[in-house]
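Trainee: I would like to learn how to read the features of a model like this one. Please take them one at a time.

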Amino acid sequence: MSKIIFLDFDGVITTLKSNWAIDDKKVELVKEICDITGAKIVISSSWRRYTLEATIEAITKQETVRGHKAFPYPDLIIDITSRMYGFKHGNRETHYGLCRGVEIKQWLQEHQDVTNYVILDDDSDMLLCQRNHFIKTHTLRGISKRDVKRAINILTKT
């Protein structure tokens, strides 16, 4: 493993136009990045579940049950970031407010073989040290061709 895309869904591959369901055109833009750079996907989205298997099940089979399109390239997904935002105690959940950048940093620390990465997200809750790897997408329109070019540039730098 060498190149990783940390992928958020809402505001990246789900948009207002797609009624916040998976948008095939936006997914194709992400796939273009993967095809050109050889990158694999780690899901950092709130769409992730507590395991990779459950996440893939949710974004493929469960989405079609809801009448939505499935994520068409589950083979590109290699992992999910850990949920570090809260602790469940009984029926109550305590939220610590850890930003998504911390979850990504933890994942990278556990995967030292990553040589480069890009973060595609419409939220800015990343760490300062991640700024050169972060592409903020437009919340309502999602990923753009310009974002794709920037991601490819980041991932192909050595």
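**Helices, sheet and surface**

Mentor: Keep in mind that this is a predicted model. Helix 4 (residues 145–156) lies across strand 1, strand 6 and strand 7, and runs at about 160 degrees to strand 6.

Trainee: What is the strand order of the open sheet, and is the pairing parallel or antiparallel?

Mentor: Read the order across the sheet, not along the chain. Here five strands form an open sheet in the order 3-2-1-6-7, and the pairing is parallel. Strand 3 (77–80) and strand 7 (134–136) are the edge strands, each pairing on one side only. From one strand to the next, the twist averages 25 degrees.

Trainee: How many bridges join strand 1 to strand 6?

Mentor: Five bridges join these parallel strands, with strand 6 covering residues 116–121. One of the residues to look up is Lys3, whose bridge partner in strand 6 is Asn116. Helix 1 packs on the sheet and touches strand 1, strand 2 (40–43) and strand 6. The direction of helix 1 makes about 170 degrees with that of strand 1.

Trainee: Which residues form a nonpolar patch on the surface?

Mentor: The patch consists of Leu16, Trp20 and Leu140, which together have about 270 Å² of accessible area. Leu16 sits in the loop between strand 1 (3–7) and helix 1 (24–37).

Trainee: Why does Leu16 count as partly exposed?

Mentor: Compare the relative accessibility with the cut-offs: buried is under 20%, exposed is over 50%, and partly exposed is in between. Leu16 counts as partly exposed because its relative accessibility is 48%.

Technical notes. Residues are numbered from 1 along each chain as its sequence is written. This is a predicted model: local features need pLDDT of at least 70, side-chain atom pairs count only at pLDDT 80 or more; totals for chains, interfaces and linings use all residues. Side-chain values use heavy atoms; hydrogens and water are left out. Patches are made of residues with over 30% relative accessible area and no salt bridge: like charges are joined within 9 Å, nonpolar side chains (Val, Leu, Ile, Met, Phe, Trp, Tyr) within 5 Å. Accessible areas come from the Shrake-Rupley method with a 1.4 Å probe; for residues, only the protein chains shown count as cover. A salt bridge is a side-chain nitrogen of Lys or Arg within 4 Å of a carboxyl oxygen of Asp or Glu. Helices (H or I, at least four residues) and strands (E, at least two) are DSSP runs, numbered from the N terminus. Buried means under 20% relative accessible area, exposed over 50%, partly exposed in between (1.4 Å probe, protein chains only). Two strands pair if DSSP finds at least two bridges between them. Axes are lines fitted to C-alpha atoms, for helices over the stretch in contact, and angles run from 0 to 180 degrees between N-to-C directions. Contact means heavy atoms within 4.5 Å.
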